[in-house]
Amino acid sequence: MDKILEALVSSSHPLTVKRAIVKKVMEAAEKEVTEEQCQALYHLTTRLILQGEDAFQRQVGLQVQEAYARYHRDEFARFFSKEFVLGLLQQGYGSLDCRDPAILDFLHSSLRLLISCPAVLELAPLLQTEVLRIICERPEPATCAKLATILTDFPQCVPREKAGVLFCQQLVRTFAYFNCPATEERELREYVTQVTRVSVLLQGIWKAEPATLLPSLQEVFAIISSTDPSFEPSIALASLVQHIPLQMITVLIKSLTTDQNVKDASMTQALCRMIDWLSWPLANHVDTWVIALLKGLAAVQKFTILIDVTLLKIEQVVPQIVPLVKSLKNDGLPNSKTFLLQFAELVHCMMYQYSGFPDLYDSILESIKELPKPNEEKIKFFLNQSAWTSQSNSFASGLLKITGKSETGKTGLVNLGNTCYMNSIIQILFMATDFRRHVMSLHLNGSNTLMKKLQLLFAFLAHTQRAAYSPRSFLEGSRPPWFTAGSQQDCSEYLRFLLDRLHEEEKTLSAFQVTSPKPEPATTSAETLNNAASQPVADMPLHPEPVAAKGDGRTLVERMFGGRLSTAIRCLQCHSLSEKEEPFTDLSLAFCPSMSKCHGPNDEHKSSSSVGPCQGAVNGGSESSEGSVKEGAGTRMERPVVEPTLSVVAAPEYLILTLLRFSYDATCHVRRKILDNVGIPLHMSLPLRQHGISVTSSSSDSPESGENLAKKLKPSQKEDGMTENRTNSESNDSDSEMLSVPYVLSSVVVHSGMSSESGHYYSYGRNVSNTDGYVAHPSSKSLESSSLSESSTASQEEMGCADHKSTDWFLFNDSRVTFTNSESLRNVTGRFPKDTAYVLIYRKQEVSGQPSNPGPVVNGSRLSGEPPLQKELMDAITKDNKLFLQEQELNARARALQATSASCSFRPNGSDDNEPPGSCGPSGGGGGGGFNTISRLVF
């Protein structure tokens, strides 16, 4: 019979003829057939099924084998022996590999023919061993799906007891390798169906043998908590969550969060991957488990893990907000509208908490502008409902996330614990191009001074391979003694202290060189500088740039940031004039009393129009440079009427303006912030008064030259050598004229928050030199009509060349550096009312007929570009870059080692330090240093 059938299927007869003959062969199965004939037919049909040339041959093989096995089951059982099955599963059949899906299909159909036969029970132990072996080889989803179908139909073939636990664990690990390269919908649906079929098998095993459930879940956690960078588990693991009994949530989460063997990095990785599971098409109950795990971690105060996860996922969430809002708006369902209102409130909370990302939030604000915005009290209520506060000082995990520099090419600064005030100041000083070039050209080899630390820090910002550099050494050397470590501070106060320290160091060294043997002109010896470094701050010498470069004995700080201010008091009765000049490094601009009302939480948005500070108010005074304020002096009975005026007589290369936004509320006895929106001009003109007294006289000519350059400038209350008494009020007017000095905006420090003791600082900056704008011609104005103001429209057009391309602006937020534009800077307060400009730096532009500050001198020649990197700095940077690469390699090895020895038990984080929250973190209301910092509060 087998010969007839073999000749028939390979003949050229019509298909109808073949089918008729095949039917006759199948009917013959009811008759008695010898053992030899049965075995021959079974071998032939097996060959046709597995190696048939076409579908007809495979169909004939299945039909004939099923017919003869029904009537001759014992013979078929002897044919389908252990040896035959073992050969199929280990060696394949003919040219078919043992992993070919056709092998498993044949095995399944054959077992179905023996379903009520004792032979199945005899094959069960063999199949239990073989399916475990196959699963350990990590087969493809299609193969696993076929195995799952076999084991579902024949549960006696599922491994038992210890082998059953191992089988479940290996099947879970096989899930982790289920990758789906398909792109078409049909293929994706098939992939999901295959994964679902395997997950249903596991569900059945867990129900039949509950002892296999916990080891399986432990294996799931071991997989998703792996920190091996070369292995990313498949999202198909999400299909298992729906089969875990919900009543086990409490027990499992408690075990997971209190086991002391789980490392924080593993828990963070596991939680991140569980969040990724939400995108699985059939992710039932995944959200329930994620929320339960978040609450469990919060219950044991593992806030660092929660914050790390939030920071890792927030940048994946933010870009999806706008499409989600559009989808909800177009949906039109009542539930969608309700959810949209709640979602918009949460988005406002996020933007309130994570300040410093105006470019990222622009499109979000536009999409939800029509929805109600919660007030600040409601936002704080939301945030305080489930506040997670990081109590860890470690920022190493944040650094590990940053493997490459920003696309801007700029380097961020690591927040060392509420040090955003320092980071923002360092970045704006670094962006002061000419100041940076002068600092980098100094020869300070071997010294340990603050200027040397600044030079080294600038070198790292320019040349390190790290995405964010840790300025710990500079922080320790530049922090004012009265600043409390770990607490938020005033960046303006820090800037004044820093410039004053640099100035005093250089001035002390100049005096030291005058009284000691003169060293070589180009370089100061390391021994001299090291000896000087051990002296007190006020006496610390510093080797400056060669004095001959200017010849006036001024320090670098004076040359770059120093200006002179004239304070004059005129008696309107006797017409005598008392005048005094003082140096300054910054001008503090007060707000007019009518617009400086302190805002409480509910007043945040009341002042939305763009206004300017009181133009004549310098360093806290209330005088007007163009009007007069009549004050009394002397006794109560006879008070002469005087007219005080302030005017700038020497313009600095870099003009630092500080907006006095923090005022004392006498009723509440607290310092409050003025939230008025101040217009920030990209170009401005500084009125400079010229008279008989030289505007370029150095500070050494004044008895006050040794005073603190960073002090607040106030009218002098004593007469000295700089005071002049004039009896003729007209003499000053005849000798004085106003020169309009052009400036272009270089950088801005923004404060986000509601008070000076809290909040967060970030900064905008761009590279601007004294020739980046235009060459202006001096223009005279009367003293009464001049003021510090933005240029006119015509002047703006003339200065257009100074307004660089939009991508020339950078946004510095601690470790994060991004491109931005001037429009974002000028509109930041309008979009985010508690983000206000605080410190502004303008660069003076060349004026025809006026002396300009030349570039630094290197090897006897002046540089117009970046100075060459000195050998000592180059060696330090090269050494650190090599160390950084080694750190990357060690971290990769550590993660790989951890992955191989990953524990499937759970432990809590017992290393959380309970330190007071800083203003860059929980209590600040403005958040910390961006998405890549650690000490943050998140909701």
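Let me start with Arg 466 and Asp 880, which form a salt bridge in this predicted model, with their closest N and O atoms 3.0 Å apart. The two residues sit in distant parts of the chain, since Arg 466 belongs to the loop between H25 and strand S3 (468-469), while Asp 880 is in helix H34, 414 residues apart. Both partners are covered: Arg 466 has 13% relative accessibility and counts as buried, and Asp 880, with a relative accessible area of 14%, is buried as well.

Helix H34 takes part in another pairing of this kind, in which Glu 872 forms a salt bridge with Lys 452, again with the closest N and O atoms 3.0 Å apart. Glu 872 lies in helix H34 (residues 871-900) and Lys 452 in helix H25 (residues 450-463), so this pair ties together parts of the chain that are 420 residues apart in sequence. Here the two ends differ in their cover, because Lys 452 is buried at a relative accessible area of 7%, whereas Glu 872, at 33%, is partly exposed.

Staying with Arg 466 for a moment, I would like to bring in Lys 405, which is found in the loop between helix H22 (396-400) and strand S2 (412-413). The C-alpha atoms of Lys 405 and Arg 466 are separated by 6.2 Å, although the two residues are 61 places apart along the chain. If we leave aside neighbours within four places in sequence, Lys 405 is in contact with Lys 410, Thr 411, Leu 461, Thr 464, Gln 465, Arg 466 and Ala 467. As for its own cover, Lys 405 counts as partly exposed, at 29% relative accessibility.

Now a third salt bridge, elsewhere in the chain: the side chains of Glu 209 and Arg 160 meet at 3.4 Å, N to O. Glu 209 lies in the loop between helix H11 (185-208) and helix H12 (213-224), and Arg 160 in the loop between helix H9 (141-153) and helix H10 (161-175), so the pair ties together parts that are 49 residues apart in sequence. Arg 160 counts as partly exposed, with 37% relative accessibility. In the structure as a whole there are 29 salt bridges, and some of them share partners, joining Arg 99, Glu 130, Arg 133 and Glu 137 into one network.

That brings me to the overall picture of the chain. The protein chain has 939 residues, of which 53% are buried, and its secondary structure comprises 34 helices and 25 strands. Among contacts between residues at least 6 apart in sequence, 80% join residues at least 24 apart. The chain exposes about 41700 Å², and carbon and sulfur atoms supply 53% of that area.

Within that total, some helices deserve a separate word. Helix H24 (residues 433-441) is mostly covered, with nine of its nine residues buried, and the buried set includes charged side chains such as Asp 434, Arg 436 and Arg 437 beside Phe 435, Val 439 and Met 440. For helix H15 (residues 264-276) we can check the geometry: at 1.5 Å a residue, its 13 residues should span 18 Å, and the end C-alpha atoms are 19 Å apart, which agrees. In H15 the buried residues are Ser 266, Met 267, Thr 268, Ala 270, Leu 271, Cys 272, Arg 273 and Met 274.

Toward the start of the chain, Gln 57 lies in helix H4 (residues 55-71), and this residue is buried, with a relative accessible area of 8%. Not counting residues up to four places away in sequence, Gln 57 touches Val 9, Leu 48 and Gly 52. On the surface, by contrast, Ile 4, Val 17 and Ile 21 form a nonpolar patch with about 220 Å² of accessible area together, and of these residues Ile 4 has its place in helix H1 (residues 2-9).

One last point concerns the cysteines. How many disulfides does a search of the whole structure find? The search finds zero. Two cysteines that I looked up individually are fully under cover by the numbers, as Cys 168 is buried with a relative accessible area of 0%, and Cys 420 also counts as buried at 0% relative accessibility.

Technical notes. Residues are numbered from 1 along each chain as its sequence is written. This is a predicted model: local features need pLDDT of at least 70, side-chain atom pairs count only at pLDDT 80 or more; totals for chains, interfaces and linings use all residues. Side-chain values use heavy atoms; hydrogens and water are left out. A salt bridge is a side-chain nitrogen of Lys or Arg within 4 Å of a carboxyl oxygen of Asp or Glu. Helices (H or I, at least four residues) and strands (E, at least two) are DSSP runs, numbered from the N terminus. Buried means under 20% relative accessible area, exposed over 50%, partly exposed in between (1.4 Å probe, protein chains only). Contact means heavy atoms within 4.5 Å. A disulfide is a pair of cysteine sulfur atoms within 2.5 Å. Patches are made of residues with over 30% relative accessible area and no salt bridge: like charges are joined within 9 Å, nonpolar side chains (Val, Leu, Ile, Met, Phe, Trp, Tyr) within 5 Å. Accessible areas come from the Shrake-Rupley method with a 1.4 Å probe; for residues, only the protein chains shown count as cover. The expected span of a helix is 1.5 Å times one less than its number of residues.
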